[in-house]
Amino acid sequence: MDEDNTEMSRSQGQKTFICPECGEPFTGIPPDKNHSTVTLDDKDAYEKATGTVIKRIIDCEECGRLTKLYWYQEKPQSAPP
Ligand SMILES: [Zn+2]
């Protein structure tokens, strides 16, 4: 069996997550094009973000667990002097 990570549609920058409770996959959709990076850790988000962090709460269709996603825009790699 081939494990082919075929990229189906990246047009909207969707990210797939796994529910930590039941293992059910779910999809996170960026709120807008400026917030295309996502983390589950709010500290991580506020540390790395430039500008606003947008919180989205996803409830698992399988078990109902709430998962918080933090969408943000990453700071530029090299800051000008
Ligand atoms: Zn679940």
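This passage describes the fold, strand pairing, core and selected residue environments of a predicted model.

The protein chain contains one helix and five strands. In sequence order these elements follow the pattern β-β-β-α-β-β. Of the 81 residues of the protein chain, 9% count as buried. Among contacts with a separation of 6 or more, 55% join residues that lie 24 or more positions apart.

Strand β1, residues 15-18, pairs with β2 in the antiparallel sense, and four bridges connect the two. Within this pair, I18 of β1 is placed opposite P25 in β2. The two strands form a hairpin with six residues between them. In the turn of this hairpin, G23 has a positive phi of about 85°.

The segment before β1 includes G13. This glycine has 16 other C-beta atoms within 10 Å. The count lies between the limit of 12 or fewer for an exposed residue and that of 20 or more for a buried one, so G13 is classed as partly exposed. When residues up to four places away in sequence are not counted, G13 touches P30 and S36. Its C-alpha atom is 9.9 Å from that of H35, a residue 22 positions away in sequence.

The loop between β2 (25-28) and β3 contains D32. For D32, 10 other C-beta atoms lie within 10 Å; the limit for an exposed residue is 12 or fewer, and D32 is therefore exposed. Between D32 and Y72, which are 40 residues apart along the chain, the C-alpha separation is 9.6 Å.

An open sheet is formed by three strands in the order β3-β5-β4, with antiparallel pairing. Strands β3 (37-39) and β4 (54-59) stand at the edges; each has a single partner strand, so one side of each is left without a neighbour in the sheet. On average, and with direction ignored, neighbouring strands of this sheet are turned by 30° against each other.

The antiparallel pair of β3 and β5 (residues 66-72) is joined by three bridges. In this pair, T37 is found opposite Y72 in β5. The antiparallel pairing of β4 with β5 extends over six bridges. Here K55 has Y70 in β5 as its bridge partner. Strands β4 and β5 also form a hairpin, with six residues between the strands. In that hairpin, G64 takes a positive phi near 80°.

The largest nonpolar core consists of six residues, namely V38, A45, L69, Y70, W71 and Y72. Strand β5 gives the most to this core, with four residues. In soluble globular proteins, nonpolar side chains tend to be buried together.

Two of the core tyrosines also appear in the strand pairing. Y70 is the bridge partner of K55, and Y72 stands opposite T37. Leaving aside neighbours within four places in sequence, Y72 is in contact with H35, T37, A45, K48, A49 and V53. Among these contacts, A45 is itself a member of the largest nonpolar core.

The segment after β5 includes K75. With 12 C-beta neighbours inside 10 Å, and with 12 or fewer as the limit, K75 counts as exposed. Not counting residues up to four places away in sequence, K75 touches K48 and T50. The C-alpha atoms of K75 and A49 are separated by 5.7 Å, although the two residues are 26 positions apart along the chain. K48 is thus listed among the contacts of both Y72 and K75.

Notes:
Residues numbered from 1 in each chain as written. Predicted model: local features only at pLDDT ≥ 70, side-chain atom pairs only at ≥ 80, totals over all residues. Pairing = 2+ DSSP bridges. Axes fitted to C-alpha atoms, helices over the stretch in contact; angles between N-to-C directions. Core = buried A, V, L, I, M, F, W, Y, C linked by C-beta atoms within 7 Å. Contact = placed C-beta atoms within 7 Å.
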